[in-house]
Structures are given as structure tokens and as C-alpha cells.
Amino acid sequence: MENPVLSLRGIRRVYTQGEEELRIFEDASLDIRAGEMVALVGPSGSGKSSLLHIAGLLEAPQAGQVVISGRDCVSLDDGQRTEVRRNEVGFVYQFHNLLPEFSAVENVVLPQMIAGVPRRKAEEFALYLLGRMGLAARAKHRPAELSGGEQQRVAIARALANNPHVLLADEPTGNLDPKTSHMVFSELLEVCRTQGVAALVATHNLDLASHMDRVVLLHDGKLLEGSEVVSTYQSL
């Protein structure tokens, strides 16, 4: 079996509130391989967003390893972590966070130019990605001129702009109606499959979760898998 693209090993994260310790993760471990989409479920406040931040090197665990493309990234310095995030990791959030003064294509061009891609080449690839998202005719529109589903598809294209090996999505369809939600999810799944991206998607939508390769439950600081995950989550 091929090596995982993203591997979380023994992740521990504790927050201190006054004299109390709040244990978010205790020995949380997970492997995701190329082209695999894994749903991350758990009650509100269980730490799903924090786990995505750790996986994306935005937060550091107190213990454990975050291995991306075979490289343990926890011990890297700030500059090295920034380089890994720029070149290896794409983020999609519940709120698209597009830059309102720029068009759709410009929002997808910018991360490429920051990574050193020439503008013309960045524009060509941005238009290709927007075309894959069904937005070729909307490329010159600013976010305010796009629907919620269109804005989220631009955000997905932006997350894929630097050809990441890992995609981290935090409730990417949480603010969309059911029809648009399924459309955006289908496009996200297709891109992950065809481009071999390892995706970890935090969601409360169990219907969408059931269409992913695996479902993992964040519960009591650990990541649980298996046939009882959904029923356990529903009982929480």
C-alpha cells in the first residue's frame, strides 16, 4: 500500500484556562492517501477546526508528528512551515474569504504569484481551474457578483491553485442550500480524485460524509473509525 500523503501521529493538544487544562487531543492519529477524501465529524467544540489547523501547520501540537509527503513538519522553523503550507497544502473554509476587490480569476492568480509563478502562466492555470468548476463565464466577476455556490467554487479553485498534495476543508458547504451543497461537494470530490489530492473535510453533514471514502469521529481527544462511528456521533 502506498505511503500516506498526510499522517497525524500521536497528536496531543492541551489548552490552559486559568488553573484548568482542557485536553483537546490525546494521541490522535490518522493517515490519508493520495486521492482519498476523509470526513471528519464530531460535536461542535470537539476540536475539528483545531485539528485542521494542526494538520495545516497553523498550530503546533504539544506532542506528536504531522507528516506531509513523507516530511515531519512539526520541528520545522516558521519559514519552512510557511513554505510547506504554500506548496503542499490547500485550505477551504466555511466562509470563502475571497478578496472582494479582485475578480474570481484574480483571487486564484494571487496565491500562484506569491509562490513565484509568472502572471500569464498563473492566469492560464486559474482559468483552467475555474473552467473545471464550471465558472469559465464568471471568471471576471467579483465575489459580490457571484452566488454563494459560485463563491465557494472559486475558493476551491484558489485552494488548488498551487497544486497541493493535501486539501483541508472546514465545513466547505455549511452555508449552502442542499442542492448547491451537493454540487460543490461533487466538484471537490472529482478534483481530489483526478489530481490525487489527500483531503480531510470537517463537516456536520452526515449525508455528504457518507459519500467520502472514510468517516472519522473526533471524540474524547481521539480519532475513531469503523462501522459504529456514525451511530456513535448521532448519540452524542
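In the predicted model, Gly-90 has Leu-167 of β7 as its bridge partner. Four bridges link β6 to β7, and the two strands pair in the parallel sense. On to β8, the pairing is again described by bridges: five join β7 to β8, and these strands run parallel. Asp-170 has its bridge partner, Ala-202, in β8.

These pairings belong to an open sheet of six strands. The strand order is β6-β7-β8-β3-β9-β10, and the pairing is mixed. The edges are formed by β6 (89-92) and β10 (222-224), each of which pairs on one side only. From one strand to the next, the twist averages 20°. At the β10 edge, β9 (residues 214-219) and β10 pair over three bridges in the antiparallel sense. Here Leu-218 has Leu-223 in β10 as its bridge partner.

Strand β7 is mostly covered, with five of its five residues buried. Val-166, Leu-168 and Asp-170 point one way from the strand. Leu-167 and Ala-169 point the other way. In a regular strand, side chains alternate between the two faces of the sheet.

Two helices lie across parts of this sheet. Helix α1 (residues 48-55) lies across β3 (37-41), β7 (166-170), β8 (198-202), β9 and β10. Its direction is at about 155° to β7. Helix α2 (residues 78-88) lies across β6 and β7. It runs at about 70° to β6. Strand β7 is thus listed under α1 and under α2.

A helix-helix contact was also examined. Two packed helices are described by the angle between their axes and the distance between the axes. Helix α3 (residues 104-114) and helix α5 (residues 148-159) pack at an angle of about 20°, and their axes lie 8 Å apart. Because angles under 35 degrees count as roughly parallel, α3 is roughly parallel to α5. The crossing of the two helices is right-handed. From α3, the contact involves Ala-104, Asn-107, Val-108 and Pro-111. These residues meet Val-154, Ala-157 and Arg-158 in α5. By class, the contact residues divide into five nonpolar, one polar and one charged. The charged residue is Arg-158, and the polar residue is Asn-107.

Conventions. Residues numbered from 1 in each chain as written. Predicted model: local features only at pLDDT ≥ 70, side-chain atom pairs only at ≥ 80, totals over all residues. Heavy atoms only, no water. Axes fitted to C-alpha atoms, helices over the stretch in contact; angles between N-to-C directions. Parallel < 35°, antiparallel > 145°, perpendicular 65-115°, else oblique. Left-handed = near helix turned anticlockwise from the far one by under 90°. Contact = heavy atoms within 4.5 Å. Pairing = 2+ DSSP bridges. Buried < 20%, exposed > 50% of the residue type's maximum accessible area, 1.4 Å probe, protein only.
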